[in-house]
Amino acid sequence: MSSALAAARFTEEWVGVLGGPTDAEGPAEGPDRGRLAVLASELTGLIRADSWRPEQAQRLGSALARAQRHRPQGLGALPRLVRLHADTLLGESAPPALLDQLLGALATGYARELHEHSLTEHRLRLREARRTHRKVQRALRANEQRFRTVFTELGVGIALIGLDGTVLDVNPTLRGLLGLNPPESERPRIPRQRENHRPRPLTEHVHPADVDTVREDFTRLTLGQHTRLPAEVRFYRTDGTLVWTHVTATLVRDVTGRPDYVIAVIEDITERHHLRTRLRHQAYHDQLTRLPNRALLDAQLRWAFSEHSDVRRVGVCHLDLDGFRKINDSLGHEAADQLLLAVASRLQALAGQHLVARIGGDEFAILVTDPPGVDYLCGLAKDVLAGLRPPLRIGTRQLEVTASMGIAEDSVGETWPGELQRAAESARSWAKTAGGGRWVVFDPHRDAGETSQFALAASVSGAVDRHEFHLLYQPLVELADGALTGVEALVRWRHPELGLLGPAQFIDLAERNGAIVPLGRWVLTEACRQARRWADQFGSGAPYVSVNVAPRQLAEPGWLAEVSDVLAETGLRPDRLQLEITERAVLVDEASATDTLHALRDMGVRLTIDDFGTGYSSLSYLRRLPVHGLKIDGEFIRGLTCEDHAESRDGKIVEALIGMAHALGLQVTAEWVETAAQARWLTNLGCDIGQGNWYGPPITPFELDELLRRPLAG
Ligand code: C2E
Ligand code: MG
Ligand code: MG
């Protein structure tokens, strides 16, 4: 066989033994066949040669190993392949001694190459590992450096604490915070006694009240129940002052995951704490008197009623000063503030250990937990009211104040805070209505009555929309000739459940809750519409209509426009409408009421003062008001019972009132004329108009139609 053919075959065999390229080498990295063929030819040369130098064969072995990318399995296959190749080449068994030598040298070369290769690889790996290690070391050092910088420079305190609770290290901020000595390295070198360097627990500096919580939290943290714990902790500085801190403790584990130590970040929040305390104090205290405010009273009450307290009964006294508004208006805010301050300090002294709160402008409350009984509260109320009575010195003035007080007391199982306060407030309003300067104990029965009245008042507006109201008309008669000149419109409520209700049962309530405004609007419209019908029907013989106006209506800004709108809508001539205004309504805001009355008078509407004689009845204001007349209150006429009217007290008053009104050019109406004698006497006195059962009770429009038709018919 030719040597070229033999070399090609050897190459094939060699590749077959060693296989194709490994996965790692990829297709491009397979054995280099060209190179192998060259090496096989060299091998062929050596096999055929009679002698060769061992280095020559060793070099060839090394080259074969390199051509095979240093695959170790090539070394095992080499003797068999070389022998086979030699046999094929020589056509007979090659001389064993020479071949053995050749194989030995080839294998030596191959093995050396393998060894050197792995040595190089090892060195390379070692170098790489060293480089990586150095990198890690550098990163660790940088980390450590960063941590140290944070540790020493950070403005918050940091403590490293061992799992046994002893301090491993603290940063300068924390040292400063707690007033601890600087560490040895930072101290001036002055000879001094050796210190005891025994590790100390951080709890040595913790406020005794916080120690237990801190210990519990720390244990939970070290047991891994929590990885991070925030808490507010008070520390004592070495100088004995208190520092408020916010502590965030974090458990640090070692590489194996075992708890190693704890980092506590300790932030000084003393300022924040004081600010918070101040704000909290402000939120719960009145700025002027420094007394607890309503929020604090509410909180105390809620606590007393809560399951956390063992309070069984609670008493509340609500009081306000009588006529405080007047004092405020006449003396000014500054003096009023001084008065409140003086009252507050008296109250505090009088209430002893009980909580006194300022719950509004001139409103105060005293909270009594577990009072021995209502009598005790009444005694306290009596003492407080008496104690407030002696004059208070405000600037250069001596002021006397009285107060109205409401008392409510109940067991915590029977009521709740809001209800108790409402009860005390209701009782206080009763004390006020009764004239002030007194105390009243809350009475649930009275309250129930008022509550139903309240509900009644609340339903007035709806009742207007449901058309539950109607008007009756009572004749107003000219005393001189007995002619029916006008009618007073009087409202009635046909209540779906309570039946027919008179104005006494709802007008005052509606006045108080404002429902009088829509009700009054309806009355005015309805009365004007009816008066217009009579005007159309009876011409000049038709009566004018007299409509009652509540104080609240008069004070309502849009009311004047409303009157003129109603007149325009109904087409009633203004002089056919009379408005009855009480003295009280004028007195609420005399200036603005007078303006309104002037405007009405300019419109041509008749104006009269109702129930004259029951109110202020000042001549001077009567002179100023642009009214056409007045109606003497029925109570004076009722007083005229015997024949000798002129001699009775009421007789004299009525006579004087008629004289005075006429002197001012006012028309006089007498209400509640019930008897012929009263009618006669009033006629003789020159009274202009009479109203009352003697002339006719309030009747329906239908009945009044009949009455108006009668003279025509008769
Ligand atoms: P007032 O304006 O003084 O009305 C006269 C009241 O005296 C009416 O009571 C009338 O029924 C009653 N009366 C009439 N003649 C006699 C009599 O001979 N003897 C006695 N004892 N009483 C007599 P009424 O209708 O119950 O009205 C009471 C008050 O209710 C009225 O007093 C008035 O102030 C108010 N009022 C009535 N209707 C209205 C209204 O529509 N709006 C407003 N704001 N108040 C009204
Ligand atoms: Mg009237
Ligand atoms: Mg009247």
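Trainee: What spacing do the donors of the magnesium ion (ligand 2) follow along the chain?
Mentor: The pattern is E-x59-N-x31-E-x29-D. Before we dig in, this is a predicted model: local features need pLDDT of at least 70, side-chain atom pairs count only at pLDDT 80 or more, and totals for chains, interfaces and linings use all residues, while side-chain values use heavy atoms, with hydrogens and water left out. Residues are numbered from 1 along each chain as its sequence is written, and chains are lettered from A and ligands numbered from 1 in the order in which they are written.

Trainee: What makes Glu488, Asn548, Glu580 and Asp610 protein donors of the magnesium ion (ligand 2)?
Mentor: Distance. Donors are N, O and S atoms within 2.8 Å of the metal (3.2 Å for Na, K and Ca), and a site may look incomplete because water is not among the atoms. Glu488 (OE), Asn548 (OD1), Glu580 (OE) and Asp610 (OD) lie 2.0 to 2.3 Å from the ion, so they qualify.

Trainee: Which parts of the chain does the pair Glu580 and Asp610 tie together?
Mentor: Glu580 sits in strand E17 (residues 577–582) and Asp610 in strand E18 (residues 606–612), so the link joins parts 30 residues apart in sequence. Strands (E, at least two residues) and helices (H or I, at least four) are DSSP runs, numbered from the N terminus.

Trainee: Why is Glu580 called buried?
Mentor: Buried means under 20% relative accessible area, exposed over 50%, and partly exposed in between (1.4 Å probe, protein chains only). Glu580 comes out at 1%, so buried is the word. Asp610, at 5%, is buried too.

Trainee: What does Asp610 bridge?
Mentor: Asp610 bridges the magnesium ion (ligand 2) and the magnesium ion (ligand 3), which lie 3.9 Å apart. Ligand 3 is coordinated by Asp610 (OD), Asp611 (OD) and two OE contacts listed for Glu671, at 1.8 to 2.8 Å. Its donor residues are spaced D-D-x59-E.

Trainee: Is Asp611 buried or partly exposed?
Mentor: Partly exposed, because 24% falls between the two cut-offs. Glu671, at 7%, is buried.

Trainee: How many disulfides does the structure hold?
Mentor: The count is 0. A disulfide is a pair of cysteine sulfur atoms within 2.5 Å. As for individual cysteines, Cys528 has 0% relative accessibility and counts as buried, and Cys687 is buried at 4%.

Trainee: How do you know that strand E4 and strand E5 pair?
Mentor: Two strands pair if DSSP finds at least two bridges between them. Strand E4 (residues 242–253) and strand E5 (residues 259–268) are joined by 9 bridges and run antiparallel, so they pass. Among the partners, Val247 is matched with Ile266 in E5.

Trainee: What order do the strands of the open sheet have?
Mentor: The 5 strands go E2-E1-E5-E4-E3, with antiparallel pairing.

Trainee: Why are strand E2 and strand E3 called edge strands?
Mentor: Strand E2 (167–170) and strand E3 (228–236) each pair on one side only.

Trainee: What does Gln553 touch?
Mentor: Contact means heavy atoms within 4.5 Å. Leaving out residues up to four places away in sequence, Gln553 touches Ile516, Gly520, Arg521, Asn548 and Trp559. Gln553 lies in helix H18 (residues 551–555) and is buried, at 5% relative accessibility. Remember Asn548? That residue is also one of the donors of ligand 2.
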